[in-house]
Amino acid sequence: MSQKEYGFETLQIRAGYDPKEHNYAATVPIYQTTAFNFGDTERLEKIYSLKEGGFYYTRISNPTSDVLEKRIAALEGGTAAVAVASGMAAITYSLLNVAEGGGEIAAVNTLYSGSFNLFNHILPQFGIKVNWIDDPYDLNSFRKAITPNTRAIFAESIGNPLINVLDIEGVAKIAHENDIPLIIDNTFPTPHLLNPIKYGADIVVHSATKALGGHGTAIGGIIVESGKFNWENGKFPHFTAPDYSAKNESLYELVPTSVFTTRIRLRYLSDFGAAISPFNSFLILQGIETLSVRINEEVKTTEKIVKYLSAHPKVSWVNYPGVEGNRNNKLAEKYLPNGYGTIFTFGFKGNQHDINKFINSLELFSFLANIGDARSLLVQPCVATHGSLSVENRNKAGAFPEAIRLSIGLEKAEDLIADLDQAFSKVN
Ligand code: PLP
């Protein structure tokens, strides 16, 4: 299938899968097998030296996960992808891949708490220093965080939970002026609403656990590469040097447009081992088939709920691009022309006792720490997802004490509004 000719809606159902290669099975089969026969010794030799593609062990690759990888690469406009066991594994492996051996990372400080904790507490223990970018809206603060030793800029396309939209084009330019890649966590908008590679990002990571899977059933992560970054620029000698994982040949020479994900597959996935299960790949593929339809519906419902909340006396602010005066409006117009997403925060006018009363009175919204489900979800980030951060860092990330985060699903908008309404009415 020549993917370039098809629209997103077609690719989300068809890309990366040819039934002829899978016994004409109509949907992608689950290859629930640990290993694959080599066939003969000559084939084994070709597979191990990357002279021929082929599966041999599911920790490294698997035909079901392979379709998932090809499908997301097509949806993001990348050359290749590698699926891993979780969004956190995708982020960790991407950063280790560029900064291993004592490199530095420049990272925006408005991040999902797991990423923040990885950068703040764990990577430094592995010799990788993180320089924080203090203001995600100020391109100069990106420049200031880069040193000669920096090996990547990391940011979320839409921050969790500050809902700040990144100027991807501006940041990519700064990264490339410094010969380093821009790595974007594109979990919030999904490839349906935004393709960071189109604006210059080099690597895109996802928590496939969220809207890609879309039904709250499987943990997974994915890393996509643009195939455009110049890994030969002198800052990444480990990409061009002879590699034990490829019979001492240079990975860059073997697979120049997929060297980033191939290196992760052959080293980190192979030897750290956070492999996605074929069953989870299957579930995520099922979710992706309806991604655009779900997101379009959810965006419409989100807009109705944002309107309702904006007029509610117990709400002090609503943080969603498109709301009058929102700081992200211009950036959102440019980067999110098909909708501003399905996740936003609002400020609850009241104390913690009132917030607890409101949350405990909800009948329809699920009270849990996840996003991108077909069910609508709600959480107070400062006590849940971002509870492990210092108050200062929580506030920087947008996890303000009064902030409630909603992730809107596929229920009827009027039912969700009625649920919020009855819960507000229980608070004096
Ligand atoms: N990135 C973002 C923006 C997230 O919100 C999350 C989880 O909430 C992750 C990454 C981590 O993903 P996972 O739970 O699949 O490891």
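## Strand pairing

Two strands count as paired if DSSP finds at least two bridges between them. In this predicted model, strands β13 (residues 377–379) and β14 (residues 403–407) are joined by 3 bridges. The two run antiparallel. One bridge pair is L377 with S407, the latter in β14.

## The sheet

β13 and β14 belong to an open sheet of 5 strands. The strand order is β10-β11-β14-β13-β12, and the pairing is mixed. β10 (315–319) and β12 (366–367) are the edge strands. Each has a single partner strand, so one side of each lacks a neighbour in the sheet.

Strands of a sheet pair through backbone hydrogen bonds, either parallel or antiparallel.

## Helix α13 across the sheet

Helix α13 (residues 291–310) lies across three strands: β10, β11 (343–348) and β14. Its direction is at about 10° to β11. The helix has 20 residues. From first C-alpha to last, α13 reaches 28 Å, close to the 28 Å expected at 1.5 Å a residue.

Which residues of α13 are buried? They are L291, S292, R294, I295, E298, V299, T301, T302, I305, V306, Y308 and L309. The list includes R294 and E298 as well as I295 and V299.

## Ligand surroundings

The ligand is surrounded by 13 residues. The closest are G87, M88, D185, S207 and T209.

Polar contacts involve both backbone and side chains. A polar backbone atom of G87 is 2.8 Å from an oxygen atom of the ligand. For S207, an N or O atom in the side chain is 2.8 Å from a ligand oxygen atom. K210 places a polar side-chain atom 2.9 Å from an oxygen atom of the ligand.

Notes
Residues are numbered from 1 along each chain as its sequence is written. This is a predicted model: local features need pLDDT of at least 70, side-chain atom pairs count only at pLDDT 80 or more; totals for chains, interfaces and linings use all residues. Side-chain values use heavy atoms; hydrogens and water are left out. Helices (H or I, at least four residues) and strands (E, at least two) are DSSP runs, numbered from the N terminus. Contact means heavy atoms within 4.5 Å. Axes are lines fitted to C-alpha atoms, for helices over the stretch in contact, and angles run from 0 to 180 degrees between N-to-C directions. The expected span of a helix is 1.5 Å times one less than its number of residues. Buried means under 20% relative accessible area, exposed over 50%, partly exposed in between (1.4 Å probe, protein chains only). A residue is near a molecule or strand if one of its heavy atoms lies within 4 Å of it. A polar contact is a pair of N or O atoms within 3.5 Å; within protein, one must be able to donate a hydrogen and the other to accept it, and residues adjacent in sequence count only if both atoms are side-chain atoms.
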